Amino acid sequence: RQEDSIPNKHIIVRYRIDGSTPTVAGLAHKAGGQGNFLLLVQPEFQAPNAHITPKEMIFVVDCSGSMLGEPIERVKEAMRYALENLNPLDNFQIIRFSDEVESFALMPVPATPAMIDAALKYVGQLSGNGGTILLEGVKRALGYPADPQRLRIISFMTDGYIGNEEEILSYMSDHLDGARLFSFGVGSSPNRYLLDKMAEFGRGGVQYLPLSGDVTGPIREFYDRIRNPYLTDLQIDWGGLQVSEIYPRHMPDLFLGQPIVMLGAYERAGEAEITLRGRLGPEPYEQRVRVVLPEKQDEGEA
């Protein structure tokens with residue numbers, strides 16, 4: 001360690017997990033006054049197919065005039081990767097919107113090789129033209145009957161020249177019905193407020209793609225993240241521990257290869273058995289973990 005050096009380079013830590021079940025670990029720090037803690041939920045290393053929740057993947061694609069050229073090409077690249085990496089038990093649908101709304105199929109279809117091939121040809125013909133009426137695309141995506149066997153994941157893909165964000169968010173909050181929202185913002189001027197808010201209350205995520213440079217890595221990381229839903233509809237019973245300021249407020253789903261990190265605060269030390277509940281594939285899941293929130297813990301300040 002050189003004290004006069006500037007820490008301006010990445011530190012890359014590579015590791016692998018080796019668990020046969022989901023693992024829950026906790027860290028706490030309390031030097032006086034309010035204490036803070038971190039809770040990590042890590043999926044197992046290699047899950048059997050029976051533990052992977054089938055998903056219903058709905059792509060909502062902006063095909064307005066502002067998407068013409070490089071923006072729509074970025075979106076098509078992302079969709080090709082996502083379609084080619086669907087799981088055999090998944091369903092999918094493609095909805096394009098501009099002045100009007102059009103769907104690839106009448107209803108979500110199974111991810112068979114023939115359907116995926118037809119969808120790839122459909123994606124190849126997408127282009128940008130006309131205005132931007134995202135709300136109609138949202139209504140179509142959320143209007144399909146719920147599939148109790150699959151987790152609905154809606155991926156919105158837009159350059160974000162959208163102004164009626166409050167109307168869109170209000171409609172989503174009333175009609176979400178358990179769907180998860182993941183969004184792509186393309187270019188330099190997406191409506192970040194809208195896309196970030198969608199991901200926040202849709203228990204999803206958002207990725208922003210530039211119009212220049214190689215975006216293959218971010219695209220793959222984004223869709224690999226949501227490829228394999230593992231533990232869904234998660235909730236924690238804190239077992240009497242007096243915790244506050246929990247973030248994220250709504251516990252996200254646990255996907256393979258993507259641990260959940262939850263942060264929180266506590267005033268009073270305590271020890272209890274907390275309970276993690278959710279669904280593992282189609283079955284109910286419950287795990288109990290002993291957690292200690294110490295009265296004094298100097299380590300873990302970071």
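**Close-up views of a predicted model**

The structure, a predicted model, holds 17 salt bridges.

**Figure 1. Salt bridge within helix α3, formed by Lys-139 and Glu-136.** The closest N and O atoms of Lys-139 and Glu-136 are 3.8 Å apart. Both residues belong to helix α3, which spans residues 134–142, and they stand three residues apart, about one turn of the helix. Lys-139 has a relative accessible area of 32% and is therefore partly exposed. Glu-136, at 37% relative accessibility, is likewise counted as partly exposed.

**Figure 2. Salt bridge within helix α5, formed by Glu-200 and Lys-197.** The side chains of Glu-200 and Lys-197 meet at 3.8 Å, N to O. Because the two residues are three places apart in helix α5, about one helical turn separates them. Glu-200 is exposed, its relative accessible area being 53%, whereas Lys-197, with 30%, is partly exposed.

**Figure 3. Salt bridge between Arg-288 and Glu-273.** The side chains of this pair meet at 3.7 Å, N to O. Distant parts of the chain are linked here: Arg-288 lies in strand β15 (residues 283–293) and Glu-273 in strand β14 (residues 270–280), 15 residues apart. Glu-273 has 39% relative accessibility and so counts as partly exposed. Both residues belong to a network of salt bridges that also links Asp-237, Arg-277 and Glu-286.

**Figure 4. The largest nonpolar core, with 37 residues.** Phe-59, Val-61, Phe-92, Ile-94 and Tyr-223 have the most contacts inside this core. Two or more residues each are given to it by β3 (55–62), α1 (70–84), β4 (91–97), α2 (113–124), β7 (151–158), β8 (180–186) and α6 (216–225). The largest share, seven residues, is that of α1. Beyond its neighbours within four places in sequence, Ile-94 is in contact with Phe-59, Val-61, Met-79, Leu-83, Glu-102, Ser-103, Phe-104, Ala-119, Tyr-122 and Val-123. Another core, of 27 residues, lies apart from the largest one and includes Ala-28, Leu-39, Leu-256 and Tyr-285.

**Figure 5. Surroundings of Leu-211, in the loop between β9 (205–209) and α6.** With a relative accessibility of 36%, Leu-211 counts as partly exposed. When residues up to four places away in sequence are set aside, Leu-211 touches Glu-70, Pro-71, Arg-74, Val-186 and Gly-187. Leu-211 and Glu-73 are 138 residues apart in sequence, and their C-alpha atoms are 9.4 Å apart in space.

**Figure 6. The largest pocket, holding about 590 Å³ of space.** Its lining comprises 20 residues, and those nearest the centre are Gly-204, Tyr-247, Pro-248, His-250 and Pro-252. Helix α5 (192–201) and strand β13 (260–266) are the elements that give two or more residues to this lining. The most, four residues, come from α5. By class, the lining of the largest pocket has 10 nonpolar, four polar and six charged residues.

**Figure 7. The second largest pocket, holding about 460 Å³ of space.** This pocket is lined by 24 residues, of which Asp-147, Pro-148, Gln-149, Arg-150 and Leu-151 are the closest to its centre. The elements that give two or more residues to this lining are β7 and β10 (229–237). The lining of the second largest pocket divides into 10 nonpolar, six polar and eight charged residues.

How values were computed
Residues are numbered from 1 along each chain as its sequence is written. This is a predicted model: local features need pLDDT of at least 70, side-chain atom pairs count only at pLDDT 80 or more; totals for chains, interfaces and linings use all residues. Side-chain values use heavy atoms; hydrogens and water are left out. A nonpolar core is a set of buried Ala, Val, Leu, Ile, Met, Phe, Trp, Tyr and Cys residues joined through side-chain atoms within 4.5 Å. Buried means under 20% relative accessible area, exposed over 50%, partly exposed in between (1.4 Å probe, protein chains only). Contact means heavy atoms within 4.5 Å. On a 1 Å grid over the protein atoms alone, a cavity is a set of points where a 1.4 Å probe fits but cannot get out, and a pocket is an open set with protein on both sides within 12 Å along at least five of seven lines; lining residues have an atom within 4 Å of a point. Grid points are joined across faces, edges and corners, and a volume is the space filled by probe spheres set on the points. Ala, Val, Leu, Ile, Met, Phe, Trp, Tyr, Cys and Pro count as nonpolar, Asp, Glu, Lys and Arg as charged, and the others, Gly among them, as polar. A salt bridge is a side-chain nitrogen of Lys or Arg within 4 Å of a carboxyl oxygen of Asp or Glu.
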